[in-house]
Amino acid sequence: MELTSVLNQSLTYISSFALKCAADLDISGRIQAYGRPMPLNELARSIPISPEKDMMLGRLMALLVQKEVFAQDEAGYVLTPVSKLLLTEHSNMGAFARYITQPPFTKVMCVMGEWFKEGAAGSTVYMMANDGKPSWDLFKENPQLGKLFNEAMTSRCKQQMRDFAKSYPHIFDGLNSLVDVGGNTGTAVKIIAEAFPFLRCTVLDLPHVVAEANLEDDSFNVVAGNMLEQIPPAEAFLIKNVLHDWRDEDCVGILKRCKEAIEPRKDGSKVIIVDIIQDFKNNNPKATETGHLFDILMMCCHGSKERTKQEWHDIILGAGYSGYKIHPAQLGVDCVMELYP
Ligand SMILES: C[S@@+](CC[C@H](N)C(=O)[O-])C[C@H]1O[C@@H](n2cnc3c(N)ncnc32)[C@H](O)[C@@H]1O
């Protein structure tokens, strides 16, 4: 039992690469296009791969079926709710698997032990593995990787935001303007602008990131800038999956800058944080495990973390907010917090 557990945990990174391989080969799209359970040889011919690799493809599919990415009946392979998320035209979540398995990130995980023993104070594991460079520089220097990152963020964001208006119908009541701080290429603001047409929405992100936004889309404005320096004024700010990338002191700085930039309204002006709360009670062990995995990813890449309720409390009050609330409904593994100036 224990031996199996050690072997399983040592080998489990192979699942990440199997998922990436399924995305690279667009296996979900092929099964979807086939329209009925797809036998192995039909799947193999559709890719196409040479016939001597059919059995190997079968073995890849066996692992993915075991992981419930696909299912199998006597007639062939079928999609599951997981593999439906890999369909490029719907959600394209394969982009996340492709991005996170890139060598600059896998290299990071390889040197985690070395970093614990020898990493300089204030350095990150990422810097140790990538010639001392901080992670955000990589996307600027390597536009292909930057594009993959943006694609991964866009895909996850679309999934998170799918039911946003239904889950939080009153979150923007009485408000006229919103800035999405670190809003990437504008996926969230576009969805928000459609669902809440009375809101003037703006996305703020780094210049090379917003350069990839659809500038012809007039449903939102775009500001190229640095949230550590300046944040454009608005009645509300969204900071989604951003603060977990930053150390406590930077989070306090970003939140203080939002508080200064907030245009006060008698009732309503607020900052909305969407991020993981590590000790948020739910009945989903997968979500808890995902929280720990993201926490190690943040530690290694940015020297930051996923936070507990108490840690969020300290940051929010440390930035001078008068109060806050945590919504009971989650957005996937993330929680929604409302901060009041
Ligand atoms: C993990 S992504 C989250 C993106 C988006 N909010 C979402 O939920 O999909 C973090 C974002 O912060 C942006 N970012 C990093 N440093 C920044 C800075 N100094 N000023 C503005 N944006 C920054 C990145 O470019 C990236 O788009």
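**Exercise 1. Work out which exposure class K305 falls into, then follow its salt bridge across the chain.**

Solution. Start with the number: K305 has 26% relative accessibility, so this residue counts as partly exposed. Keep in mind that we are working with a predicted model.

Next, find the partner. K305 pairs with D248 in a salt bridge whose closest N and O atoms are 3.7 Å apart. That falls within the 4 Å cut-off for a salt bridge.

Now place both residues. D248 belongs to helix 16 (residues 248-261), while K305 sits in the loop between helix 17 (285-302) and helix 18 (309-318). The two are 57 residues apart, and the pair links distant parts of the chain.

Finally, classify the partner: D248 is partly exposed because its relative accessibility is 30%.

**Exercise 2. Find out whether R307, another partner of D248, is buried or exposed, and describe the network around the pair.**

Solution. Begin with the contact itself: a salt bridge joins the side chains of R307 and D248, with an N to O distance of 2.9 Å.

Then look at where the residues lie. R307 is in the loop between helix 17 and helix 18, and D248 is in helix 16. Here 59 residues separate the partners, and this pair too links distant parts of the chain.

For the exposure class, recall that buried means under 20% relative accessible area. R307 has 0% relative accessibility, so R307 counts as buried.

To finish, collect the shared partners: salt bridges connect D248, K305, R307 and E311 into one network.

**Exercise 3. Examine the salt bridge of E141 and classify both of its ends.**

Solution. First, the partner of E141 is K133, and their closest N and O atoms are 3.3 Å apart.

Second, take the acidic end: E141 counts as partly exposed because its relative accessibility is 47%. The basic end, K133, has 36% relative accessibility and so is partly exposed as well.

For context, the whole structure holds twelve salt bridges, and the E141 and K133 pair is one of the salt bridges found.

**Exercise 4. Describe how the chain is divided into domains, and how far apart the domain centres lie.**

Solution. Start from the assignment: domain 1 spans 2-88 and domain 2 spans 138-340. Their C-alpha centres are 34 Å apart.

Then turn to the record. An unreviewed UniProt entry lists residues 11-88 as "domain: O-methyltransferase dimerisation".

Last, describe that span: residues 11-88 are 58% helix and 10% strand, and the end C-alpha atoms lie 28 Å apart.

Conventions. Residues are numbered from 1 along each chain as its sequence is written. This is a predicted model: local features need pLDDT of at least 70, side-chain atom pairs count only at pLDDT 80 or more; totals for chains, interfaces and linings use all residues. Side-chain values use heavy atoms; hydrogens and water are left out. UniProt positions are given in the numbering used here, feature names are shortened, and annotations may be inferred rather than shown by experiment. Helices (H or I, at least four residues) and strands (E, at least two) are DSSP runs, numbered from the N terminus. Domain bounds come from an automatic or database domain assignment. Buried means under 20% relative accessible area, exposed over 50%, partly exposed in between (1.4 Å probe, protein chains only).
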